Amino acid sequence: MDETTPALRIAVLVKHVPDTQFDRHLNGDDRTTDRSESILSELDEYALEAALQLVEAHGGDGAGHRVTAVTMGGAGAVNAVKKSLQIGAHEGVHLTDDALAGSDASGTSRALAAVIRHLGDVDLVLTGMASTDGETSLVPAQLAELLELPQVTFASSLELRHDGGAWHLTARRESDNAAETVESTLPAIVSVTDQINEPRYPNFKGIMAAKKKQISVLSLADVGVDPSEVGHAGAWTRVEDAQPRPARSQGVIITDEGDAGRRLVDFLAEQKLL
């Protein structure tokens with residue numbers, strides 16, 4: 001990197017979500033998600049890996065590039081940041097405040113947008129294609145609106161180049177029927193799919209190095225957000241009712257006595273599967 005090429009700062013939004021290996025549960029009268037058995041969202045690992053690959057392709061740490069892992073939530077949410085630091089992020093930010101409890105996509109976007117503004121010098125915001133708990137894919141678009149930044153969604157590949165005094169990104173977006181290449185200048189917001197790369201695992205060196213990395217803890221007051229705009233108070237949506245999933249009933253066993261084919265067809269027809 002020469003003197004005319006500025007260092008990059010990439011913020012990766014990471015979320016502490018319920019482990020998909022376990023059943024999900026709701027807590028209390030407000031029916032919020034139980035996060036007692038939670039991990040770094042798998043889909044966010046692709047965004048983190050994309051950020052690390054981008055800075056490594058342009059000189060890495062020696063060029064002054066930084067990857068910042070950003071999360072919001074209760075005390076446990078910091079574990080998503082810690083895992084990100086073990087994988088390779090340079091620093092972390094944890095927005096935590098009692099008023100955040102019950103935030104929907106709108107409140108989450110407002111809070112995270114305020115954190116990005118607070119950081120001040122972010123060139124690129126990367127997110128996963130969705131969270132594995134809410135699965136709405138709404139936050140990237142809402143962030144782009146709030147921050148007034150260009151947005152690229154569902155990128156399956158991502159490249160950066162510095163040209164004409166500015167950073168430019170090129171992304172490929174793929175659907176079932178077509179693929180397109182889009183370009184944008186920075187700063188920008190990009191969500192990436194799980195096809196973009198193969199996330200790395202934290203190794204022993206990364207785990208030990210993470211213990212020395214800084215995690216900044218912020219409150220709503222620190223980032224200038226009114227508590228009435230987030231949490232239950234600012235939510236546009238709420239869960240009115242929820243019931244436990246019914247126990248799985250025993251399946252039907254068909255023993256072939258020469259008429260198994262007919263009995264199978266009759267069963268499928270009865271279930272309206274034919």
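This report describes the chain as a whole, then one helix, then some backbone features.

The structure is a predicted model, in which local features need pLDDT of at least 70 and side-chain atom pairs count only at pLDDT 80 or more, while totals for chains, interfaces and linings use all residues. Residues are numbered from 1 along each chain as its sequence is written, and side-chain values use heavy atoms, with hydrogens and water left out.

**The chain**

There are eight helices and 13 strands in the chain. Helices (H or I, at least four residues) and strands (E, at least two) are DSSP runs, numbered from the N terminus. The C-alpha trace spans about 80 × 45 × 40 Å along its principal axes. Of the 274 residues, 41% count as buried; buried means under 20% relative accessible area, exposed over 50%, and partly exposed in between (1.4 Å probe, protein chains only).

Contacts (heavy atoms within 4.5 Å) also describe the fold. Among those with a separation of 6 or more, 69% are between residues 24 or more positions apart. The chain exposes about 15700 Å², and carbon and sulfur atoms supply 48% of that area. Accessible areas come from the Shrake-Rupley method with a 1.4 Å probe; for residues, only the protein chains shown count as cover.

The chain has 24 positive and 42 negative charges, and their mean positions are 4 Å apart. Lys and Arg count as positive and Asp and Glu as negative, without His and the chain ends. Each charge is placed at NZ of Lys, CZ of Arg, CG of Asp or CD of Glu.

**Helix α1**

Helix α1 covers residues 42-57 and has 16 residues. From its first C-alpha to its last it reaches 23 Å, close to the 22 Å expected at 1.5 Å a residue; the expected span is 1.5 Å times one less than the number of residues. Twelve of the 16 residues in α1 are buried, including Leu43, Tyr46, Leu52 and Val55. Charged residues such as Asp44, Glu45 and Glu49 are also on the buried list. Just after α1, Gly59 takes a positive phi of about 110°.

**Backbone features**

Two residues that are not glycines have a positive phi, as the table shows.

| Residue | Phi | Place | Relative accessible area |
|---|---|---|---|
| Glu148 | about 55° | loop between α4 (139-147) and β9 (151-163) | 73%, exposed |
| Phe154 | about 50° | strand β9 | 33%, partly exposed |

The peptide bond from Leu186 to Pro187 is cis, with omega near 5°. Pro187 sits in the loop between β11 (179-185) and β12 (188-192).
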